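Here is a friendly note to read alongside the structure. Take the points one at a time, and find each residue in the viewer as you go.

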Amino acid sequence: MAAPRRAWLVFGFSIEEAAGEPGPGPGPRRLESGPEGISRVWPAWSYVVVETGAGLEVRSAGLRRRLPGWAEALPSETHLVLRGAAEAQAWPRAAALRGALRGAPAWSRALPPGPRRPPPLPLLPGGFATPRPPFFAALPGGVRARGLALGHEHALALGAAGETYAWGGGRHGQLGHGSLESELQPRLVEALAGMPMQAVAAGGWHSASVSEAGDLYVWGWNESGQLALPSKALAEERAQDEDTGAGDTELTPCQEQPAAEDSAFISIQAFPALLDLPQDLEVSKVSCGSRHTAIVTRKYGQLGHGDNVSSDQPRRVEYLVAEGLRAEEVVCGPWTTYVCVLEP
């Protein structure tokens, strides 16, 4: 029997739409891999960097450029940070999309010899990289991080023992400290103390973590239902659709929504909340976009749903089930979701 093949599917906003061109729609589309295959992806809003067997490649609408000599990427809409064996550099987005990495970079930092497999970006020796100026920030000596995630205004660090630290802007509760105050330095998320985490993720203004037991914790802003907690804005949208006749999709009993006046809505969740998933599923991977969250469970992945409707409930991606695909990895861009699947 032939071994399963890996493929990447993309849901949501496309790089063609970012360039003002017609998009393929919200349904899944295959990320072209070529003979080398694709092992990792780093999406921004208008482009994506992929790792193939031949090295890194940057892709935007109608363009593909090789980035030889680099091992990892950290993209934004202003700059692209690249890490190689001996140096990390930041280049303007326009230069990176042209594949014209010549002359002086916007920033560079020499890397000391280290382990063969260093922690993934944005972590660097002594601190972490950011895809916007000043491009590097130091971590206090007391924080020994093995993982780090960047939101729009905040950061999360996963400590060596599974502890979670959060700092930066806190006006949407995204730090998980129980207040809306900002923190200049990494601060332990005390609500998660004693519960070792295996992964952390930072969205635009929300956060998530997965415990070693496979439990999912979420906190921060919930305007678009990105925490899978009751959202007033979405309830009002559903009510308006019903009033105008636009809501013609029949809901099953488990999907029926209570009336807005009878619901306990959550716009900001300032403490980590344990999310009650259907069938007591265990989570293996989590990723956050600007205003959405995607997880992979030990049974199936919950990502995009083939429509443009926001949701404040966890929903399985039926497309993957119908096609007999098993999700292995999930990576969220600002408005997209990339999922690596095994094809039979």
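1. **A first pair of strands.** Please keep in mind from the start that this is a predicted model. Begin with strand β3 (residues 38–43) and strand β4 (residues 48–52), which run antiparallel and are joined by five bridges. Which residue of β4 does V41 face? V41 stands opposite V50. The link from β3 to β4 is a hairpin of four residues. Remember the loop between these two strands, for a residue in it comes back in point 7.

2. **The whole chain.** Now step back and look at everything together. The protein chain has four helices and 26 strands. Of its 344 residues, 48% are buried. About 17,000 Å² of the chain is exposed, and carbon and sulfur atoms supply 51% of that area. How much of the contact map comes from residues 24 or more positions apart? Such residues account for 49% of the contacts with a separation of 6 or more.

3. **A sheet of four strands.** Next, look for the open sheet in which four strands follow the order β18-β19-β20-β21, with antiparallel pairing. Why do β18 and β21 each have one side without a neighbour in the sheet? β18 (197–202) and β21 (268–274) stand at the edges, and each has a single partner strand, so one side is left free of a sheet neighbour. On average, neighbouring strands here are turned by 10 degrees against each other, direction ignored. As background, strands of a sheet pair through backbone hydrogen bonds, either parallel or antiparallel.

4. **The middle of that sheet.** Within the order β18-β19-β20-β21, take β19 and β20. Strand β19 (residues 206–211) pairs with strand β20 (residues 216–221) over five bridges, in the antiparallel sense. If you want one position to check by eye, A208 stands opposite V218 in β20. While you are there, it helps to know that in a regular strand the side chains alternate between the two faces of the sheet.

5. **A salt bridge between distant parts of the sequence.** The model has 16 salt bridges. One of them joins R5 and E343, whose closest N and O atoms are 3.7 Å apart. R5 belongs to strand β1 (residues 5–12) and E343 to strand β26 (residues 336–343), so this pair ties together parts that lie 338 residues apart in sequence. Are the two partners buried or exposed? R5 has 54% relative accessibility and counts as exposed, because the cut-off for that is over 50%. E343, at 11%, counts as buried, because it falls under 20%.

6. **More salt bridges.** R93 and E77 also meet through their side chains, at 3.5 Å from N to O. Since R93 lies in helix α2 (residues 93–98) and E77 in the loop between β7 (72–75) and β8 (79–83), the pair ties together parts that are 16 residues apart in sequence. R93 counts as partly exposed at 25% relative accessibility, and E77 is partly exposed at 31%. Another salt bridge links the side chains of E318 and R316, at 3.2 Å from N to O. E318 is partly exposed with a relative accessible area of 45%, and R316 counts as partly exposed at 30%. Elsewhere, salt bridges with shared partners join E36, E57, R59 and R66 into one network.

7. **Aromatic rings around F13.** The count of aromatic pairs is six. In one of them, F13 and W45 are stacked, with 5.4 Å from centre to centre and 15 degrees between the planes. F13 sits in the loop between β1 and α1 (15–18), and W45 in the loop between β3 and β4, so the pair ties together parts that are 32 residues apart in sequence. F13 counts as buried at 19% relative accessibility, whereas W45 is partly exposed at 32%. How do the rings of F13 and W335 meet? Their centres are 5.2 Å apart and their planes stand at 85 degrees, so this pair is edge-to-face. It also links distant parts of the chain, because W335 lies in the loop between β25 (326–332) and β26, 322 residues from F13. Together, F13, W45 and W335 form one aromatic cluster.

How values were computed. Residues numbered from 1 in each chain as written. Predicted model: local features only at pLDDT ≥ 70, side-chain atom pairs only at ≥ 80, totals over all residues. Heavy atoms only, no water. Pairing = 2+ DSSP bridges. Axes fitted to C-alpha atoms, helices over the stretch in contact; angles between N-to-C directions. Salt bridge = Lys/Arg side-chain N within 4 Å of Asp/Glu carboxyl O. Buried < 20%, exposed > 50% of the residue type's maximum accessible area, 1.4 Å probe, protein only. Contact = heavy atoms within 4.5 Å. Areas by Shrake-Rupley, 256 points an atom, 1.4 Å probe, with all protein chains shown as cover. Phe/Tyr/Trp six-rings, centres within 6.5 Å; stacked < 30°, edge-to-face > 60°.
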